[in-house]
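The following exercises concern backbone geometry and the arrangement of strands. Please examine the sequence and the model before reading each solution.

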Amino acid sequence: MKNLRQGESAMEAVAKAIVVLEDDPITNAGYGSNLTINCTVECDASMMDGKNGNFGAVGAVSGIKNPILAAQKMAQQTELLPLGRIPPMLLTGSGAKAWAEEQGLQTVDDGALLTEEALATYGKHMQLLRSEVDDTVGAIAIDVHGNVAAGVSSGGISLKFPVKAAMYGSGCWAQNGTGDQPAIACSTSGTGEQIMRTRITTHCAEQLLQHDDIPSTISRVLRKDFLESPYLRMYNDKSVGMITLRAVKSADGNVEFCYAHVTESMGIGCMSGTSKKPKTLVSRKLACEAMKSSGWLVQ
């Protein structure tokens, strides 16, 4: 937040926030991520710049200390490569790691991101062959110039199959305001296959452009396009949560922030340029509730 106040871009702020979360073993991103069924760490990360629509992602990658920085670097490449080659938008596996090394990003041995806690969880889950751990991390931001950005990073569900990649329009979305249209940023967590099948992130962004009441709009989208989606009929349990911001050009510069989740709980944090300290909470829904959504006006 200090850097945003000093004019740092929304992209930089989102990347730095997610780096902190990736470095913390308590989250399922970067160091301490869930392990694949082959007992390896494979991470996904993506970022989107609302200023120009640029997107970058890495998927199923081992050995990049902070996958979000690779996604950020990719999203910032706007010029053609030698011989007119088009810069990559998504790289996976060993190719993503090799590219990150070429870009000067910090890489580590593939086993350096494993923790004792992750290994212990792996052992338990191998016995059960099931998992209930998500804890994907994400961030959204708007800078002093009104540019928005969104990012997400994940180690995936425990015992996932190797080579499962991040997808454009699934984990995050960001687009600046144009004319009478507001700026929108979304970051989504949950079961990746369900998020991809329903395209819930882009559905949410599209609806937020058309409706003013954010909490009710997000609740309606989650109910209609996720919980009641015909594409998820094969799933008994459904998992998704998201954070969003909506900014309309106005003299007061207020930004609407909202979160929603169908999971039992979701950790939330929010801070503005006028805040003395961040507002944090663990949102929990009641057993009788299909979802939980709330939000507030940020000045």
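Helices (H or I, at least four residues) and strands (E, at least two) are taken from DSSP runs and numbered from the N terminus. The model under study is predicted.

**Exercise 1.** Determine where R199 is found and whether R199 counts as buried, partly exposed or exposed.

*Solution.* Step 1: R199 lies in the loop between α6 (192-198) and α7 (200-210). Step 2: partly exposed residues fall between the cut-offs of 20% and 50% relative accessible area. Step 3: R199 counts as partly exposed because its relative accessibility is 45%. Step 4: the phi of R199 is near 50 degrees, a positive value in a residue other than glycine. Most residues other than glycine have a negative phi.

**Exercise 2.** Carry out the corresponding analysis for A60.

*Solution.* Step 1: A60 belongs to strand β2 (residues 55-61). Step 2: its phi is near 50 degrees, a positive value in a residue other than glycine. Step 3: with 4% relative accessibility, A60 counts as buried.

**Exercise 3.** Describe the open sheet of five strands and the helix α7 that packs on it.

*Solution.* Step 1: the strand order is β6-β7-β8-β9-β12, with antiparallel pairing. Step 2: β6 (172-175) and β12 (292-298) are the edge strands, each pairing on one side only. Step 3: on average, neighbouring strands of this sheet are turned by 10 degrees against each other, direction ignored. Step 4: α7 touches β6, β7 (183-190) and β8, and the direction of α7 makes about 150 degrees with that of β7.

Terms used. Residues are numbered from 1 along each chain as its sequence is written. This is a predicted model: local features need pLDDT of at least 70, side-chain atom pairs count only at pLDDT 80 or more; totals for chains, interfaces and linings use all residues. Side-chain values use heavy atoms; hydrogens and water are left out. Buried means under 20% relative accessible area, exposed over 50%, partly exposed in between (1.4 Å probe, protein chains only). Two strands pair if DSSP finds at least two bridges between them. Axes are lines fitted to C-alpha atoms, for helices over the stretch in contact, and angles run from 0 to 180 degrees between N-to-C directions. Contact means heavy atoms within 4.5 Å.
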